[in-house]
Amino acid sequence: VPLTHEREEELITIRMEGEVGIASAAELKELLVQALGSGQQVRVSLRSITDLDVTAVELLWAARREAKASGSAFALQGPIPPMVLSGLLQAGFDEFAADLDASEGSGENQ
Amino acid sequence: MNPAGNAEQFKQSFREEAREILVELEAALLELNENTADPEIVGRIFRGLHTIKGSGAMFGFDQLAAFTHNLETAFDEVRNGRLPVGAELIDLTLSALDQIRALLEEGAGGPPADPEACAQILSKVRKLAGIPAQQSAREKAPPSCPVPDTGPIREWHIRFAPGPDMIRNGANPFLLFEELRQLGGLSLRASMAAIPPLAELDPERCYVSWEMVLATAAGADAIRDVFIFVEDGCELTIEAAAATEATARALEEPRVQTPGRRSYDKPDNVSSLRVPAAKLDQFVDLVGELVTVQARLSELAGRLDDPEVAQVSEEIERLTSALRENSMNIRMLPIRATFEKFRRLVHDLARDLGKDVELTMEGADTELDKTVIDQLGDPLMHLIRNSMDHGISSPGVRAANGKRPTAAIHLSARHSGASVLIAVSDDGNGIDAEAVRRSAIEKGLVPADAQLTEAETFALIFQPGFSTAKKVTDVSGRGVGMDVVRQRVDSLRGTIEVVSKPGVGTTVTLRLPLTLAIIDGLLVGVGDACFVLPLANTLECIELTRADIEHANGKHLANVRGELIPYLRLREHFNIRTTRPAIEQIMIVETEEGRFGFAVDQVLGNCQTVIKSLGRFYRHVQVVSGATILGNGTVALILDPQRLAQDALRAAVHGPRGRPVPPPIALHPGVP
């Protein structure tokens, strides 16, 4: 399973590894819903992914949008592997990728 | 949802689709063989190959996709007029299709594909099409929708919103963009606006849509081709950009000029469904049960004598009957696909045997029950093989005999009452009846002094003993595989007719029932027992009085308006020992042997009959084709009038329970 998560005080980290796609989409959704509902800070690590398909992008996008709306802390933590990044750009997810770069710093600070 | 299971399911549905495309491709190739200059056929072949390649790659059939890619390139060369169509290309492509089929089936329990054969075919295809060897399929695929050489580069605005199930179906939109980039420069933006709140989001659905601008010399059709694998339910708009529209209009044919919006919910997709055959069988089974229960209800309503119940019962009867007819119709398929398959067989056999044979067809749109069609392939194949192998001579011999060098095999299908007649004719040498007789006597199949009619003689070629016969002469070899034909036709409750004239040709006609599941029957009673006679064969019902019987001097012959018709008394045949009524009824039935009667005690009425198999145990009982459960819960046997009549007539000729050996097949000389 390419997804693991750990709970520390105040912080939930969801770690994604390898190919993250439709096979783990339902699980990713569940983790994101739980994490956002917990009221804690949420961090999703994209460091070890080798592929991110459209279903994963959608889930992360929706999660981040919700966190922003409710003012909770949500970060997509990079650095994202260059192959994956270029794949995202090739598919027109510029906006999504741009936000990734921005969130990289906050992730690194932890 | 289990992703691994899903993947296998996608693969399975791809296999099904690909199998169909392969059949179409084969037919198109053989058509091309006859009409090498038709660009429409070349286009069809190209698109078929393209679909197999694209879908194959999408569902993980990499080897298959790579293999198909080279073929596709070759046909692109043909399409662009750079490669002429010749027998070599067609034969090569046909054998390549076989490899594709092998690659397709090896994951589904088929034997592994032969990599050497694949490599050989590939190198030949490459050589023929002038594809450089290093441009092998393992490399990144070159443009699969090649850019036409001519035509100005234009900008196209493309909007693509995938169908809800695209991802679930195993497709990946990212691959589409890669393919579009092969056509020209692409810039694109994903629109996330349609993504719902996280809690409501279906994690396996694609909500993202894309706006793209593509600068290419390719036309709208070529762009649309990229999307052909994901067309189900997607929304696709392809428009020439406004700035260059005027130029486009001036340059392009009207069709491409205003491609407009094309929703890929094509009428085709909406109006037809792919349903697993097993589900359909289950449905028909259920309808069958319903018919049985409805019969019980009708009987109950009749007994209760309550007008309200009777009304409901009648209503249900009407609906059930409509439902039954509908469900039967769903199972009906045109025989075309089965017929078309044989083009390839004839083509290959003609090449291997050094013969020149033309296959013609008639009535390919004739519809038959799926179960019947499924079982027809083998017998027809054996019949055609036999015609090609033994009936038809090489062009030289034919010419010497004053015949057209090109031989003809004709497949035809037509309805005849509740049956379908399927005939395989050839204009070959015909069957030498005398040689068949001699050979049968040698093999001990018939006694040496047997007096056989021509029909009985021809029937011998369907004997199992004949099929294993050593090829003493061409004629004796003609029985190869014919027992398979007989067995299969028997199991379909069909009959075989052979008509043959030495030097002129042979026609083998299979008479098969339209459907196997439900029949309209006539319920008759003998003593306490009930029997069902298929209504389709039943002509009329007459009374048989004691006086009539005396009149016939004890012979089982009924006088029907001056015509003497032989009959069989079911009471005697089935040994039912109850008192015979003073007046019996004779059901006159049309059989292959002519009219024939069955004497019964009483006729109880019409019934829609769901045929239940009697099971393995009673397989050898040939005069009964099945059983049915009546409204009152009792079981009635469904009789096979054909077999009963044959048995009775044979018994009359050879004496009761005689020694007749010729197979129980209706053979009727003189019927084409």
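Leaving aside its neighbours within four places in sequence, which residues is Ala448(B) in contact with? Here are some notes to get you started; keep in mind that this is a predicted model.

1. Let's take that opening question. Beyond those close sequence neighbours, Ala448(B) touches Arg437(B) and Ile441(B). You'll find Ala448(B) in the loop that runs between helix H17 (433–442) and helix H18 (454–459) of chain B. Ala448(B) counts as exposed because its relative accessibility is 57%. For a sense of distance, Arg438(B) is ten residues away from Ala448(B) in sequence, and their C-alpha atoms are 8.4 Å apart.

2. Now have a look at Asp640(B), in the loop between strand E22 (635–639) and helix H24 (641–654) of chain B. Asp640(B) is buried but has no salt bridge. Its nearest side chain of opposite charge belongs to Arg643(B), 4.1 Å away, and that misses out because a salt bridge has to be within 4 Å. Setting aside neighbours within four places in sequence, Asp640(B) has contacts with Gln622(B), Val623(B), Val624(B) and Ser625(B).

3. On the surface of chain B, pick out Phe283(B), Leu290(B), Leu323(B) and Ile330(B): together they make a nonpolar patch of about 300 Å². The elements giving two or more residues to this patch are helix H11 (277–304) and helix H12 (307–330) of chain B. Leu323(B) sits in helix H12. Why does Leu323(B) count as partly exposed? Because its relative accessibility is 33%, and the partly exposed class lies between 20% and 50%.

4. A word on cysteines. How many disulfides does the structure hold over all chains? The count is zero. As a reminder, a disulfide is a covalent bond between the sulfur atoms of two cysteines. Two cysteines to click on are Cys118(B), which counts as buried because its relative accessibility is 9%, and Cys234(B), buried because its relative accessible area is 1%.

5. Finally, chain A. It has four helices and four strands, and from the N terminus the order is β-β-α-β-α-β-α-α. Of the 110 residues in chain A, 48% are buried. Take the contacts in chain A with a separation of 6 or more: 73% of them join residues 24 or more positions apart. As for the outside, the accessible surface of chain A is about 5,100 Å², and carbon and sulfur atoms account for 50% of that.

Conventions: Residues numbered from 1 in each chain as written. Chains lettered and ligands numbered in written order. Predicted model: local features only at pLDDT ≥ 70, side-chain atom pairs only at ≥ 80, totals over all residues. Heavy atoms only, no water. Patch = residues over 30% accessible without salt bridge, like charges linked within 9 Å, V, L, I, M, F, W, Y side chains within 5 Å. Areas by Shrake-Rupley, 256 points an atom, 1.4 Å probe, with all protein chains shown as cover. Buried < 20%, exposed > 50% of the residue type's maximum accessible area, 1.4 Å probe, protein only. Lys, Arg positive; Asp, Glu negative; His and termini not counted. Contact = heavy atoms within 4.5 Å. Disulfide = S-S within 2.5 Å.
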